[in-house]
Amino acid sequence: MKSAVSVLAGACLVWMAMPAPPAMADPAVPTNYTSEVTGIEPAVDGVEAEVVGGDAFLSVHAGPGTEVVVLGYRDEPYLRIDPEGAVWRNRRSPATYLNDDRYGQREIPAEAEAAA
């Protein structure tokens with residue numbers, strides 16, 4: 001049975017990066033930044049999320065056949081992990097562009113609209 005899960009970051013800014021192949025991934029190095037996952041809604045058995053490397057990566061673990069949706073800063077669908085484990089990023093989500101820069105200083109294109 002497919003379950004939809006929304007991972008919410010709460011009040012803290014969680015810097016999320018799509019997983020990259022190991023050869024392309026930035027190493028998790030010490031920084032002065034710390035992020036944390038403050039909740040998973042609705043709670044689903046077997047779905048866990050944690051920030052790895054202080055704030056370098058978001059790691060999501062879900063049971064086989066489970067779909068996970070990560071919401072952006074305006075509660076729009078930002079990331080989706082399908083039941084087969086593939087990760088999809090919503091190019092219409094402003095979070096796609098804000099998360100490309102640690103400080104969220106990247107310009108958001110006109111076609112990126114949370115309500116789209």
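**Hairpins, salt bridges and a few unusual residues**

Let me begin with a pair of strands, β3 and β4, which run antiparallel and are joined by five bridges. If you would like one pair of residues to look for, take E48, whose bridge partner in β4 is H61. The hairpin that these two strands make has four residues between the strands, and within this hairpin G53 takes a positive phi near 75°.

Before I go further, I should say that what we are looking at is a predicted model, so let me turn to its confidence values. The mean pLDDT of the protein chain is 78, and 74% of its residues reach 70 or more. Over residues 1–24, however, pLDDT stays under 50, although the model does have 61 contacts beyond four places in sequence for that stretch. Where pLDDT is low, the predicted coordinates should not be read in detail.

Now to another hairpin, the one formed by β5 and β6. Strand β5 covers residues 67–71, strand β6 covers residues 77–81, and the two pair in the antiparallel sense over four bridges. One of the residue pairs to find here is L71 with P77, its bridge partner in β6. Is strand β5 largely enclosed by the rest of the structure, or largely open? Four of its five residues are buried, and therefore we can describe β5 as largely enclosed by the rest of the structure.

Between these strands the hairpin has five residues, and in the loop there we find D75. What deserves a pause is that D75 has a positive phi of about 65° although it is not a glycine. With a relative accessible area of 56%, D75 is exposed, since the cut-off for that word is over 50%.

Let me move on to the charged side chains. How many salt bridges does the structure hold? It holds four, and I will take some of them in turn. As general background, side chains of opposite charge can pair when their charged atoms come close.

One of these salt bridges is formed by D55 and R102, whose closest N and O atoms are 2.4 Å apart. D55 lies in the loop between β3 and β4, while R102 lies in the segment after α1, so this pair ties together parts that are 47 residues apart in sequence. The surroundings of the two partners can be described as well: D55 counts as buried, at 3% relative accessibility, whereas R102, at 30%, counts as partly exposed.

A further salt bridge takes us back to the second hairpin, where E67 and R80 have their closest N and O atoms 2.9 Å apart. Because E67 lies in strand β5 and R80 in strand β6, this pair ties together parts that are 13 residues apart in sequence. At 31% relative accessibility, R80 counts as partly exposed.

The side chains of D100 and R106 also meet in a salt bridge, with 2.5 Å from N to O. Here D100 counts as partly exposed at 43% relative accessibility, and R106 counts as partly exposed at 39%. These two residues do not stand alone, for R89, D100 and R106 are linked in a network of salt bridges.

I would like to add a residue in another loop, namely S93, which is found between β7 and α1. Is S93 buried or exposed? Its relative accessible area is 0%, and so S93 is buried. If we leave aside its neighbours within four places in sequence, S93 is in contact with E76, P77, Y78 and A112. You will recognise P77 from the second hairpin, as the bridge partner of L71.

For contrast, please look at T34, which has its place in the loop between β1 and β2. At 71% relative accessibility, T34 counts as exposed. The C-alpha atoms of T34 and A56 are separated by 8.9 Å, with the two residues 22 residues apart along the chain.

My last stop is the backbone just after β2. Which peptide bond here is cis? The bond from E41 to P42 is cis, with omega near -10°, and P42 itself has its place in the loop between β2 and β3.

Definitions and conventions:
Residues numbered from 1 in each chain as written. Predicted model: local features only at pLDDT ≥ 70, side-chain atom pairs only at ≥ 80, totals over all residues. Heavy atoms only, no water. Buried < 20%, exposed > 50% of the residue type's maximum accessible area, 1.4 Å probe, protein only. Pairing = 2+ DSSP bridges. Contact = heavy atoms within 4.5 Å. pLDDT = per-residue confidence, 0-100.
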